[in-house]
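Student: I should like to learn how to read a protein model with a bound ligand. Could we work through one together?

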Amino acid sequence: VSAAARTHLGRTLKALKESSYSTSALRQGEAPALDLAVGECWFDLTAEVRSELGSAISALNRIGYSHPAGESGLREAYLGYLHRISFLPAELDVLVTAGGKEAMWLAVSLALEADRPERVLVPHPGWAPYEIWVRAGDSMPVWYDAAALASEPARFDALIRQMEVRPGAVILNYPNNPTGAAVTQGQMDELVACASNHGIRVISDEVYRSFSNARASATRAPAFDPARDMMIDSCSKWLGAAGFRVGFLASGPEILDTLTRFRATYASCTSLVGQVLAETLLQSSAAELWLDSIRGAVDAIRGEVAKELERLGVPVVSHGALYIWARTSGIQDSGWNGRAERAKVVDGVEFGAAGLIRICIARQGLDPQRAASAICAALGGDRGV
Ligand SMILES: Cc1ncc(COP(=O)(O)O)c(C=O)c1O
């Protein structure tokens, strides 16, 4: 790629070069026995849910292009689900995308194009693509402490006032990947109100929303403006269905119309099959029960693994949603004995935080002691063995 990148492709590859995204290597073995790196729920579908998904597919008598904005049935089902959580602005509508990542990329691209902000507020630690996209769009990320802001949203105003250059947009991500930090609806309301007071566009990445008790959403905040703000969601985490590649971008008609037209230039639609399956999961009471049980299991496993890690001397900084966020400093490389099982985790560098690791514990039947021992072995110590 030449230094003078011409398109989004060149600018993104240039921004990617300075990033460790997807290249993390934490002294992983060739074939880690316990994979706690991938950020998704690994739980088997129940027979009833599988049968409902199968019936939905066999009922299809046409598999053609879908509407560029997404199947109307899925869009209605998704908005219906949001309405069940809370009252929504009347103008709120939704665009179906190929996963939350595409929805997020579209949202960030629109903000960069429309506002040409010199600065964008990005959570720290945070999901690596945010920074890549912001840099690729010729803007600069300014990091804020996602956990500190969650516990004290009043800091947000001071943070913005201190900045030499006013940011044009803020990316919110609660619950946060990788720390699990979450907000209540009241805290979310405060953050959105503060951004609005300063004329800052909100892009709220809520793909982990269902893994926090509050289920806070920026769309419920009184200051959320569908003519300016955007909310991103996905079936990947919440519905345990990352393979469907179905995501959502919720906003007002003008933004959605612009993005739908833009999207149609490079993707004719989102997979009809994925959308039909996603709609089935969204409307199935069997799936709701299955997902409730997954959330319960994830909470229990996370608490137990965190406790076990602390017992073995691995400092847990925080945990929430699908993740444990732990410190690696203090772990001495006492020489891996070569016999212990190791675990694959993600290096904190990928989230802009060296000396930490992210562990995804959302695994069916995960034994907390086995997991904690394997993590210790992977870190070089063998104290868990
Ligand atoms: C914070 C965050 N946002 C968005 C996504 C997008 O997920 P998907 O494209 O699978 O919907 C992820 C996936 O890891 C994520 O961690």
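The dialogue below takes up the ligand site, the helix crossings and the backbone in turn.

Tutor: Please keep in mind that this is a predicted model.

Student: Let us begin with the ligand. How many residues surround the ligand, and which are the closest?

Tutor: A residue is counted here if one of its heavy atoms lies within 4 Å of the ligand. The shell comprises 14 residues, and the closest are Gly-100, Asp-205, Ser-234, Ser-236 and Lys-237. By class, 4 of the shell residues are nonpolar, 6 are polar and 4 are charged.

Student: Which helices each supply at least two residues of that shell?

Tutor: They are helix H4, residues 100-115, and helix H9, residues 235-238.

Student: What polar atoms lie by the oxygen atoms of the ligand?

Tutor: One looks for pairs of N or O atoms within 3.5 Å. At Gly-100 the backbone provides the partner, an N or O atom 2.6 Å from a ligand oxygen. Ser-236 instead uses its side chain, where an N or O atom is 2.7 Å from an oxygen of the ligand. In Arg-245, a polar side-chain atom is 2.8 Å from a ligand oxygen. As for cover, the ligand taken alone exposes 400 Å², and the protein buries 90% of that area.

Student: I turn to the helices. At what angle do H4 and H10 cross?

Tutor: Angles of 65 to 115 degrees count as roughly perpendicular. The axes of H4 and H10 (residues 253-263) cross at roughly 110° and come within 11 Å, so the two helices are roughly perpendicular to each other. Their crossing is right-handed.

Student: How do the axes of H12 and H13 cross?

Tutor: H12 spans residues 285-311 and H13 residues 368-378; their axes come within 9 Å and cross at roughly 50°. H12 is therefore oblique to H13. The crossing of H12 and H13 is right-handed.

Student: Finally, the backbone. Which peptide bonds are cis?

Tutor: As a general rule, most peptide bonds are trans. Here, the bond from Tyr-174 to Pro-175 is cis, with omega near -10°. Another cis bond joins Asn-177 and Pro-178, where omega is about 20°. Pro-175 is in the loop between strand S5 (169-172) and helix H8 (185-197), and Pro-178 also lies in the loop between S5 and H8.

Student: What is the sign of phi at Arg-116, positive or negative?

Tutor: Most residues other than glycine have a negative phi. Arg-116 is not a glycine, yet its phi is positive, about 45°. Arg-116 is found in the loop between H4 and strand S3 (119-124).

Technical notes: Residues are numbered from 1 along each chain as its sequence is written. This is a predicted model: local features need pLDDT of at least 70, side-chain atom pairs count only at pLDDT 80 or more; totals for chains, interfaces and linings use all residues. Side-chain values use heavy atoms; hydrogens and water are left out. A polar contact is a pair of N or O atoms within 3.5 Å; within protein, one must be able to donate a hydrogen and the other to accept it, and residues adjacent in sequence count only if both atoms are side-chain atoms. Accessible areas come from the Shrake-Rupley method with a 1.4 Å probe; for residues, only the protein chains shown count as cover. Helices (H or I, at least four residues) and strands (E, at least two) are DSSP runs, numbered from the N terminus. Ala, Val, Leu, Ile, Met, Phe, Trp, Tyr, Cys and Pro count as nonpolar, Asp, Glu, Lys and Arg as charged, and the others, Gly among them, as polar. Axes are lines fitted to C-alpha atoms, for helices over the stretch in contact, and angles run from 0 to 180 degrees between N-to-C directions. Angles under 35 degrees count as roughly parallel, over 145 as roughly antiparallel, 65 to 115 as roughly perpendicular and the rest as oblique. A crossing is left-handed if the near helix is turned anticlockwise from the far one by less than a right angle, and right-handed if clockwise.
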